[in-house]
Amino acid sequence: MFQSLIDVILPVFLVVGAGYAATARGVLSQDHIEGVMKFAQGFAIPCLLFKAMAELDLSASFDPRLLASFYTGAFTCFLIGVFGARILFKRDWEDCIAIGFCCLFSNSVLLGLPITERAFGPDNLTGNYAIIAFHSPFCYGVGITAMEFVRNRGAGGIRTAVSVLNAMFRNVLILGITLGFAVNLSGLTIPLVVDEALSLIIRAALPGALFALGGVLVKYRPEGDMRAILFVCFTSLMIHPSIVWTMGSALALPQDLFRSGVLNAAMATGFNGYIFANMYGRAKRVAASSVLIATGASILTVWFWLLMLS
């Protein structure tokens with residue numbers, strides 16, 4: 001069992017580590033890494049999500065018990081992050097929202113997909129794609145709405161709605177998901193030559209993104225705010241999957257969906273946590289360091305959750 005868990009986890013983090021080492025040693029510059037990340041996140045992963053959504057069996061995938069378990073846990077962690085930052089660390093409300101967003105957004109694409117695939121096989125990703133379909137819209141919807149409400153003190157209802165919609169539909173991951181849904185619901189079939197081209201691009205999506213993630217993390221060395229950073233890491237890595245485990249068990253989730261829900265919840269704080277913090281210029285150090293430390297710590301915590309699921 002120990003060896004099988006190592007075989008599942010370490011290859012993913014070795015790719016991340018290779019990106020980190022290549023960048024830290026100067027083999028690749030941050031400009032190179034940003035180019036790889038733009039290709040992966042801006043093109044290859046949207047293609048992956050488009051193809052996955054276009055071919056997804058909607059009737060079998062969107063089990064309301066899975067979505068209720070995962071997103072109840074995610075929203076609870078957002079509230080824990082917001083009010084924990086306010087009560088424990090005396091941060092202002094804008095910082096609290098940014099810290100809450102870090103607790104809310106797990107790295108379900110760059111880490112969740114490859115780890116679940118290696119642990120349980122490519123045929124067990126149905127639950128992952130169902131979660132991913134709502135992940136960015138839900139998380140950005142919650143985070144932007146809360147931030148705009150706090151910034152405008154509740155006086156900008158129209159402005160809040162416009163900000164939410166603009167941010168969501170500028171996100172290429174959401175566009176890929178939306179177009180995939182449109183093809184799925186229309187009953188159209190992707191032409192074979194297009195499907196083959198998509199498959200070629202998709203093969204580079206996750207390894208490219210993982211390698212680039214390692215390179216990006218070089219910029220985010222932990223410094224200061226360590227209590228708040230560890231608070232975010234514990235909330236993301238332990239509290240969220242615990243809630244999903246409890247709710248999924250109570251709702252009798254099928255095994256494959258239960259595994260997907262718990263593993264996705266157990267992923268480290270996603271890079272989108274830093275993007276959100278940077279977008280508003282709030283709690284950037286906490287967000288950046290949380291991405292770095294949670295990603296490293298998840299080597300052990302993901303192993304723990306895989307043991308629990310075995």
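How many nonpolar, polar and charged residues does the lining of the largest pocket have? Counted by class, that lining has ten nonpolar, two polar and five charged residues. The structure above is a predicted model, and this report visits its largest pocket and then a group of its salt bridges.

## The largest pocket

Let's start with the space itself: the largest pocket holds about 400 Å³. Its lining is made up of 17 residues. If you would like to centre your view on this pocket, Leu48, Ala52, Leu125, Tyr129 and Ile202 are the lining residues that lie nearest its centre.

Several helices share the job of lining the pocket. At least two residues each come from H2 (30–55), H6 (108–120), H7 (126–152), H10 (192–203) and H11 (205–217). Helix H2 gives the most, with four residues.

## Salt bridges and a buried pair

Now for the charged side chains. Side chains of opposite charge can pair when their charged atoms come close. In this model there are eight salt bridges.

One of them joins the side chains of Arg91 and Asp95, with an N to O distance of 3.1 Å. Are these two partners buried or exposed? Arg91 and Asp95 are both buried.

## Links between distant parts of the chain

Another salt bridge brings together the side chains of Arg282 and Asp92, at 2.3 Å from N to O. This pair links distant parts of the chain, with the two positions 190 residues apart in numbering: Arg282 sits in the loop between helix H14 (272–280) and helix H15 (284–309), while Asp92 sits in the loop between helix H4 (64–89) and helix H5 (93–104). Arg282 counts as partly exposed because its relative accessibility is 22%, and Asp92 is also classed as partly exposed, at 32%.

Arg285 has a salt bridge of its own with Asp225, where the closest N and O atoms are 3.1 Å apart. Here too, distant parts of the chain are linked: Arg285 belongs to helix H15, and Asp225 to the loop between H11 and helix H12 (226–250), 60 residues apart. With a relative accessible area of 42%, Arg285 is partly exposed. Asp225 has a relative accessibility of 27%, so it counts as partly exposed.

## One network

Which residues do salt bridges with shared partners join into one network? The members are Arg91, Asp92, Asp95, Asp225, Arg282 and Arg285. Within this network, then, you will find the buried residues Arg91 and Asp95 as well as the partly exposed Arg285.

Conventions
Residues are numbered from 1 along each chain as its sequence is written. This is a predicted model: local features need pLDDT of at least 70, side-chain atom pairs count only at pLDDT 80 or more; totals for chains, interfaces and linings use all residues. Side-chain values use heavy atoms; hydrogens and water are left out. On a 1 Å grid over the protein atoms alone, a cavity is a set of points where a 1.4 Å probe fits but cannot get out, and a pocket is an open set with protein on both sides within 12 Å along at least five of seven lines; lining residues have an atom within 4 Å of a point. Grid points are joined across faces, edges and corners, and a volume is the space filled by probe spheres set on the points. Ala, Val, Leu, Ile, Met, Phe, Trp, Tyr, Cys and Pro count as nonpolar, Asp, Glu, Lys and Arg as charged, and the others, Gly among them, as polar. A salt bridge is a side-chain nitrogen of Lys or Arg within 4 Å of a carboxyl oxygen of Asp or Glu. Buried means under 20% relative accessible area, exposed over 50%, partly exposed in between (1.4 Å probe, protein chains only).
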